[in-house]
Structure formats: C-alpha cells, structure tokens
Amino acid sequence: MSNLLIKDVQCEYHYNPIGLDYKAPRFSWVLENSTQRSVLQCAYQIQVAFNKDFTTLVWDSGKTYSDQSIHVSYQGSPLLPQTRYYYRITIWDNYNNQSDWSETCFWETGLMQSSKWIASWITPAWNEDSNKSQPCPFMRKEFSLPSPISQARIYVTSLGLYELRLNGKRIGDYLFTPGWTSYNRRIQYQTYDVTSLLKPGNNAIGAILGDGWYRGYLGWKDNRNLYGDKIALLCQMHIVCTDGSEYIIGSDQNWKASTGPILQSDIYNGEIYDATQELGDWDLPGYGDTTWSTVELLDKPTAIVRAQESVPVRQTGEVRPLALLQTPAGDWVLDMGQNMVGWMRCNFQGERGTEISLYHAEVLDGEGNFYTDNLRTADQKITYTLKGTDKETYQPHFSFQGFRYVKIEGFTQPICLDDFTGIVIHSDMTPVGTFACSNDLVNQLQKNIVWGQRGNFLDVPTDCPQRDERLGWTGDAQAFISTACFNMDSATFFTKWLRDLAVDQKSDGAVPHVIPDVLGGNSKASAAWGDAATICPWTIYLYYGDTQVLAEQYPSMKAWVEYIRTQGSNEYLWNTGTHFGDWLALDAKENSYKGATDNDLIATAFYAYSTQLLQRTALLLGKADDATYYQELYEKVVQQFQQEFVTPNGRLTVPTQTAHVLALMFELLDPKDRKRAIETLVGYIKEQKYHLATGFVGTPYLCFVLSDYGYADVAYTLLQQTDYPSWLYPITKGATTIWEHWDGIKVDGSFWPKAMNSFNHYAYGAIGDWMYRRMCGIDLDWQNPGFKHIVIRPEINSDFSYAHASHNSMYGEIRSGWELTASQITLDITIPANTTATVVLRNMKQDEILEGGKPLAEASGVLEVQSTEHGLAVKIGSGSYRFVK
C-alpha cells in the first residue's frame with residue numbers, strides 16, 4: 001500500500017452529488033503523505049465510467065503531467081441527462097510514489113435541459129386573497145406501479161416553498177426549498193433519490209406549499225406578492241422498475257388540493273397551526289380525497305429552472321433551554337442561552353382546542369422583561385391549537401425565527417424544559433476554520449462570529465434574521481465574505497448568490513442594494529455595497545482557486561466598473577449619487593447613520609479597488625486588451641484620488657479613521673505619504689483612548705492597516721478593549737452573536753432606537769479575518785490562489801500566551817499556532833501536500849531559530865531562507881514544522 005493517499009474527492013465541491021447540470025464538471029482531491037515533507041503532485045489520471053468496475057469507460061485522462069489537483073474539468077464525451085457516472089483518481093508525486101486508486105465516487109446528472117420537463121406547474125383551483133397570508137395548500141396524487149423498483153428520482157421545484165412527501169414519509173432533509181433566487185429569472189430545482197420509498201402497487205405523492213419569499217411578506221413596507229400571487233408546484237418523478245419498464249409521474253391536472261392545519265406560515269410573522277384540522281393519512285395511498293379541490297395549470301416557463309447550485313438549508317444542531325424565567329411583568333420565558341436562528345420543537349399536552357402561543361425575542365429589556373420592539377412589524381409568533389391527544393410534537397414548516405428568548409402563553413400545565421428544543425437551521429456549509437487563543441473573551445468573540453454566520457447564511461447572506469428585513473445586503477456580504485470563507489466552505493453559497501447579483505444588475509451596470517433585488521425602484525447604486533460585484537467573486541477565487549466564478553462574473557464585474565466610470569464629474573472620480581457611506585460609524589452626526597467620512601472619498605477609493613480587481617481578473621482570464629485598459633484606468637483613478645483628497649504636503653483632507661484606513665488599505669497614497677497617514681490614523685485612535693470610530697466600510701480593514709504598516713500592537717489593543725466601543729463590549733453585555741451597533745445595549749442598559757437594532761448582524765464580525773490572517777498568520781497569495789502558496793505571517797503579541805488557527809483548504813488542512821513564554825517563542829505550522837508556504841518570522845535572525853531541533857540550514861523541507869527588513873522569510877514545502885526561538 002502506498003504512503004501517498006488521495007482523500008476528500010469532490011465533484012463541483014460535493015461528495016457524490018446527484019442532480020448536477022454541469023456539462024463539464026470539475027474534480028478536486030486532497031493528497032496526503034504523512035512520512036515525507038515537500039510532497040508535490042507531478043501527474044494525475046482520472047477515469048470516468050458508467051459502472052463501478054470501470055469496464056465501460058466514458059473518459060480516461062491518461063497519465064497527465066500536471067500539479068493541478070483542484071477544479072480539473074471533465075473532458076470526455078457529452079454527458080447524458082439523468083445518468084450516474086463513476087470516477088476514480090490516481091496520482092504520482094515528486095518522490096516517484098504512485099497512489100492507489102481513490103475510493104470510487106460518483107456524480108449523477110440532472111435533467112440537463114429545460115426540454116426534459118414534461119410536468120406542468122400546478123396550483124390549487126380556488127380563489128385566494130393573496131394580499132394577506134393564506135392557509136398552506138396540501139396537494140396529492142395516487143399512482144400504481146406494476147413491479148419492484150430499481151431506481152427512482154424526483155426533480156421538483158415550486159413557486160413559493162415546498163415540502164414533499166411520498167407514501168407517508170418526508171422526502172429529503174432540505175429546508176426552505178427551492179431556495180431564494182431572482183425568481184423571475186432563475187429558479188432552482190432539487191433532485192431526490194426516492195427508490196426506497198416506492199413499492200409495487202399503489203403509491204401516493206404529496207406536497208405542502210408555503211408563501212416563502214415568493215409571495216409572502218418581504219421588506220419592511222408590508223409588501224407581498226413580489227414575484228407573483230399564486231404559489232405552484234413543478235414535480236417530475238422518473239421511475240425504473242426491475243422489469244425494465246419506465247414511468248414518469250408528474251404534476252398535472254389530475255392532482256387534488258386542500259387546505260389543512262397550517263393556517264399561516266410566513267417567514268416574518270410565524271406560523272398558525274390548528275391540529276384539530278389535520279388531514280390524517282393524506283400522504284398515503286387509499287386516502288379519501290373526494291372532497292378535495294382540483295388543481296389548475298399555471299403558465300410559467302421551465303427555461304428559467306436550473307439544478308440546485310448551493311448547499312441546501314438543513315437542520316444543523318439543537319439547543320436545549322438553559323432556564324425557565326418569570327419576568328417582572330409575569331411572563332414565562334425560556335432562555336435558550338444562545339441567540340440562534342431556526343425554531344422551537346415542542347411537546348404539548350392538553351385539552352382539545354387549547355391555544356398555545358410562542359413569541360420570540362433576542363434580548364430582555366433593562367428590567368428583565370420580554371423585548372420585541374426591535375422586530376418592528378415582524379411577529380415571530382407561533383400559535384398551536386391542540387387536538388387533545390396524550391402528546392403532540394410540533395415544529396413550524398415555512399417560517400424561521402431569530403431569538404434567544406421564547407415567551408410562552410396558553411399553557412394550562414406546568415412548563416417542563418425537556419419539552420422544548422431549539423432547532424438550528426442554516427445553509428449547511430461545512431465548517432473549515434478554527435481559532436483559539438489565551439483570551440477567553442476573544443474566544444467568545446470567535447464563537448459569536450460563527451453563530452452570526454450560521455444565523456444569517458440561510459440560502460442568501462442576510463443582514464439579520466429576526467426583524468421585517470432579512471435581506472441579502474451587498475455591503476454586509478462583501479465586508480464579511482473573507483471571514484465567511486475561513487469559517488465555512490462558502491464557495492457554492494456565494495457562487496449561487498453572485499449569479500443572482502448578475503441577473504439583477506441593472507442595464508447600466510448598477511448593482512442593487514440587496515440581492516435578490518426586492519427593493520426595486522430606480523435608486524442609484526452605492527459605493528462599497530455595489531462593489532460586492534467585484535470583491536465577492538475575487539474572494540471566492542482567492543480562497544478556492546476557482547477561475548470559473550471569475551469567468552462567469554466577469555461581465556458583471558466589468559459592467560459595475562463601467563457604471564462607476566459614467567457617474568462622476570469626470571471618469572476618474574466618483575463624486576455623485578447617494579451612498580450609505582461609512583454606515584453606522586461612530587463619528588456620524590447626530591440623528592444620522594452615516595459616518596463623517598466623505599462620500600466622494602469612499603466612492604473613489606472603492607472605484608480604484610474594484611478597477612484593480614477587474615484588471616487582475618482580466619489578466620487571469622487572458623483578456624489582454626482589457627487588462628491593459630483597466631490598468632491605465634486604475635492608475636488614473638488613483639491619481640485623481642490623490643489630487644482630490646491629498647494636499648501637496650501629503651495630508652489626507654478628510655480627518656477620519658476610515659478615510660485613512662481606505663487610503664492605506666487600497667494603496668491610494670504616494671509611498672512618501674503613507675508614513676504620515678498611518679501616524680495620523682494612530683493619532684486618531686489614541687485621541688479616542690485607543691478605541692475605533694469606524695463603521696461598516698472602515699472596520700473590516702482597520703486592523704489590517706495597523707498590522708501591515710507597523711502598528712500591530714495598536715490592533716491588538718483595539719481587539720482587547722472591553723468598554724464601548726469595541727468588539728468585546730457586547731460580550732460584557734451577554735452577546736452570543738455580533739450586533740448591528742457597537743452599543744445595541746448601551747452602558748446604562750437602554751437600547752438603540754427600535755427602528756434599527758439587530759442583535760444578530762454579522763458585518764462587524766469581519767474582525768475574524770484579521771484574527772486568522774494576522775494574529776495567527778494564515779494568509780493568501782493572489783497569484784497562487786486557493787492556498788496553493790500559503791503565506792504564514794503571525795503577529796505575535798505579549799498580551800497573549802498563545803494563539804492558533806486552522807483552515808481546511810481545497811488542498812487540505814493548514815495550521816498555524818504560536819506559544820509565548822518568558823524565554824521562548826514556538827511556532828507550529830502544518831502545510832498540506834501539493835502546496836508550498838512562505839513563513840515570515842518577524843524580528844528574528846536565522847541563527848536564533850531551530851526547526852525540529854535543527855538549524856534552518858539542516859532542516860528538511862526548508863527550501864529557502866531570506867533575511868528581510870522585517871525578519872526572516874522561510875520558504876517551506878508540505879509537512880508539519882516547529883520553529884523555536
């Protein structure tokens with residue numbers, strides 16, 4: 001058996017997926033060799049076949065000399081729809097080792113083309129007042145099969161949300177399907193393997209539909225029906241029996257429909273469920289549906305329907321209540337101990353007709369009473385009417401809540417904590433990052449960052465999960481995306497969202513404030529918000545080495561930069577329009593949410609940054625003419641920035657923290673002026689007694705600028721502050737997620753105004769990016785993306801005795817951690833196979849360092865050592881290393 005192993009084999013970021021519609025799917029794998037350092041792949045071979053024993057090959061790459069081990073495209077004959085393909089991989093390394101074949105994996109194609117849809121969109125044939133919430137329709141159909149089933153797949157989507165059932169069982173564990181997209185242009189379908197749920201003879205298929213984002217309340221203006229006023233089902237089941245016969249059971253006019261116990265299920269307002277109106281075995285064959293209504297066909301194109309693109313929303317955890325409280329107002333309230341997103345699963349018992357209500361809130365007020373004012377018009381209320389059996393277990397269907405506290409009304413028996421469980425839901429992205437250090441409050445900050453991501457990454461990156469908003473704000477997303485990718489595998493999540501950004505982009509290139517765009521109107525785009533069009537695809541490229549997302553989004557990126565170019569008084573300055581500015585910065589004027597930093601400076605700074613990213617993208621994609629053009633444009637924008645916002649003596653004219661952060665982060669100043677700018681920034685921080693004053697625009701970059709210009713100690717001081725304003729202040733007030741405001745709960749216990757005060761708002765969690773990339777030192781190289789070349793440059797600080805982080809990249813696990821004692825610094829690093837790294841040992845000399853107990857010159861895996869003005873730069877190959885000074 002070879003020491004060289006292949007693991008974590010994936011097709012389009014998934015393990016054994018079904019329902020892919022890619023014509024040339026890409027394969028990725030991880031190399032592992034625990035006995036040797038500096039392992040690199042030299043060649044690979046991929047085989048694809050119709051069968052597991054690979055006797056019927058579809059494609060054999062042959063031995064291909066390449067170090068590429070991520071995103072290797074299928075290059076065989078055209079793929080067939082609804083077909084399973086098996087594949088395996090072997091590789092050779094630079095030590096002349098060949099791996100065994102990887103485990104046999106598979107992917108299965110979906111319908112591949114819209115012409116394969118023969119089913120029809122169906123909707124209940126009854127009149128509804130869609131201007132208010134309606135009961136959820138239940139739909140069903142029975143069918144018969146003559147022989148045992150060999151294979152069965154269901155392809156399904158809906159206008160609105162759906163829950164699918166077959167012979168009494170729920171199909172799959174996906175939630176809030178088909179997901180939220182720009183429904184008028186793109187609707188996802190899901191694929192399920194239902195072979196085990198079918199049987200010879202009579203069968204029954206059923207579906208429950210909910211309003212969801214399609215026609216439910218959405219936005220803070222009491223809006224409904226933003227995509228349409230009828231919800232509908234499109235469902236197609238392909239069945240192959242053991243005798244070779246094939247059947248297609250689709251949604252058509254032969255289905256029946258009825259209302260049932262779900263009287264309302266709304267994303268904002270919650271669910272009303274009357275168990276006395278349950279329909280019994282409605283999803284089993286033989287059910288009497290003679291009183292049910294007919295359905296009607298809905299004219300909706302299938303050309304906009306495409307296969308699932310992102311990871312699905314699933315139940316990902318459970319939280320048990322910590323305590324049952326009685327508030328001063330007399331309410332009975334469950335404390336879950338964690339601000340979470342999902343719902344409560346409850347066990348009820350009582351007399352038939354008893355009505356129980358659950359209300360959800362994030363915080364208690366200063367007196368300890370239940371507080372919901374910050375939800376605005378969102379009810380977040382669950383109402384359940386008992387049917388009167390011994391024990392009734394219930395959880396909502398098409399509604400989710402953001403909450404820590406649950407007020408209970410209507411209980412006629414003592415409340416038992418064991419009857420309540422919090423169900424955590426979010427897009428089921430694989431956790432890939434860890435962080436820990438010697439400061440318990442900073443560790444809690446990391447937990448809050450992750451919980452904020454879990455709560456707000458529910459099919460789209462929402463700003464908040466509780467009030468009447470929950471929208472895909474572009475500014476929040478671009479500020480946090482790097483942190484998000486470190487914490488969780490976010491590639492497909494953002495790829496899907498960016499496709500919606502591209503189709504919702506205006507004809508002039510303007511990017512809406514939220515994606516999907518449900519705010520509408522003709523408002524102009526905002527700097528830093530619209531720049532999600534360039535920053536987000538670029539970040540996906542950095543973390544995952546995925547040039548395909550750049551190629552897909554390139555027209556959108558280019559359109560955005562061209563939009564900006566037409567906005568200003570000249571084409572190199574953006575000095576017009578309405579912008580959000582440095583949103584929620586602490587230097588804002590009274591009664592304003594915008595910080596004091598000049599809109600024109602922010603807009604022109606991001607203009608330069610987006611142009612630079614576009615130029616680099618053009619270069620990577622081989623668009624030489626565009627690369628030349630946008631390099632020239634970038635240089636002129638930088639020149640215009642300096643003319644407009646920098647005095648002849650090199651002083652920035654806008655005296656705010658954020659202005660200096662952006663100018664330094666985006667390298668918009670002449671090199672001779674940067675020293676003055678960083679000293680001025682540090683001076684502003686000192687004037688605030690080592691506190692920040694930045695908002696959504698400046699905060700993500702603040703500590704990076706301080707570290708990269710020689711003031712890491714100031715960044716550490718900011719991180720560790722516990723009084724307002726700081727990252728740790730909310731934790732001293734009991735926060736378990738990131739807040740929208742630095743002082744959502746003020747020092748005196750009062751709240752920010754109820755109009756905008758979310759206690760689960762991930763944007764300021766972008767400090768996590770600095771904690772991973774500077775504090776622990778796991779950083780990226782844009783010219784060798786996906787961590788093909790890793791930069792390890794930790795900022796070691798004497799306020800901490802240790803800090804360590806890990807990130808499971810496309811190439812495998814990266815680890816970087818340091819420990820500090822009175823006499824020694826220890827740095828432990830793990831670099832995955834098929835990558836290299838440059839370790840920057842700040843303020844250290846070669847003769848001071850040992851690796852594995854040996855001088856650097858004698859250590860295996862150490863490829864090169866260079867002395868720089870900042871210390872040592874040590875290039876290493878794969879393996880685990882311990883550097884000691």
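## Close-up views of a predicted model

**View 1. The largest nonpolar core and its best-connected members.** Of the 245 residues that make up the largest nonpolar core, M771 and F883 touch the most other members. Helix α7, covering residues 599-620, supplies the largest share of this core, with eleven residues. Please keep in mind as you look around that this is a predicted model.

**View 2. The surroundings of M771.** Which residues does M771 touch, once those up to four places away in sequence are set aside? The neighbours are F435, V442, L445, Q446, I449, L719 and C776. M771 shares with F883 the distinction of touching the most other members of the largest nonpolar core.

**View 3. A second core.** Separate from the core around M771 is another one, made of 25 residues. Among its members are I6, C11, V48 and Y85.

**View 4. I205 in strand β16.** Is I205 buried or exposed? I205 belongs to strand β16, which runs over residues 201-210, and it counts as buried because its relative accessibility is 1%, with the cut-off for buried set at under 20%. Leaving out neighbours within four places in sequence, I205 is in contact with M139, R140, K141, F143, I154, R165, L166, C235, M237 and W255. A handy distance to check here is the one to N167: this residue is 38 residues from I205 along the chain, and their C-alpha atoms are separated by 6.4 Å.

**View 5. E632 in helix α8.** Helix α8, spanning residues 624-645, holds E632. With 42% relative accessibility, E632 counts as partly exposed, since that class lies between the 20% and 50% limits. If you would like a distance to try here too, take D546: E632 and D546 are 86 residues apart in sequence, and C-alpha to C-alpha they are 26 Å apart in space.

**View 6. Stepping back to the whole chain.** The protein chain contains 14 helices and 47 strands, and its C-alpha trace spans about 85 × 70 × 55 Å along the principal axes. Its radius of gyration is 28 Å, which agrees with the value near 29 Å for a compact globule of 885 residues. Of those 885 residues, 62% count as buried. Among contacts between residues at least 6 apart in sequence, 74% join residues at least 24 apart. The accessible surface comes to about 32300 Å², and 45% of this belongs to carbon and sulfur atoms. As for charge, the mean positions of the 72 positive and 100 negative charges are 2 Å apart.

Note on methods:
Residues numbered from 1 in each chain as written. Predicted model: local features only at pLDDT ≥ 70, side-chain atom pairs only at ≥ 80, totals over all residues. Heavy atoms only, no water. Helix = DSSP H or I, 4+ residues; strand = E, 2+ residues; numbered from the N terminus. Rg over C-alpha atoms; globule rule 2.2 N^0.38 Å. Buried < 20%, exposed > 50% of the residue type's maximum accessible area, 1.4 Å probe, protein only. Contact = heavy atoms within 4.5 Å. Areas by Shrake-Rupley, 256 points an atom, 1.4 Å probe, with all protein chains shown as cover. Lys, Arg positive; Asp, Glu negative; His and termini not counted. Charge placed at Lys NZ, Arg CZ, Asp CG, Glu CD. Core = buried A, V, L, I, M, F, W, Y, C linked by side-chain atoms within 4.5 Å.
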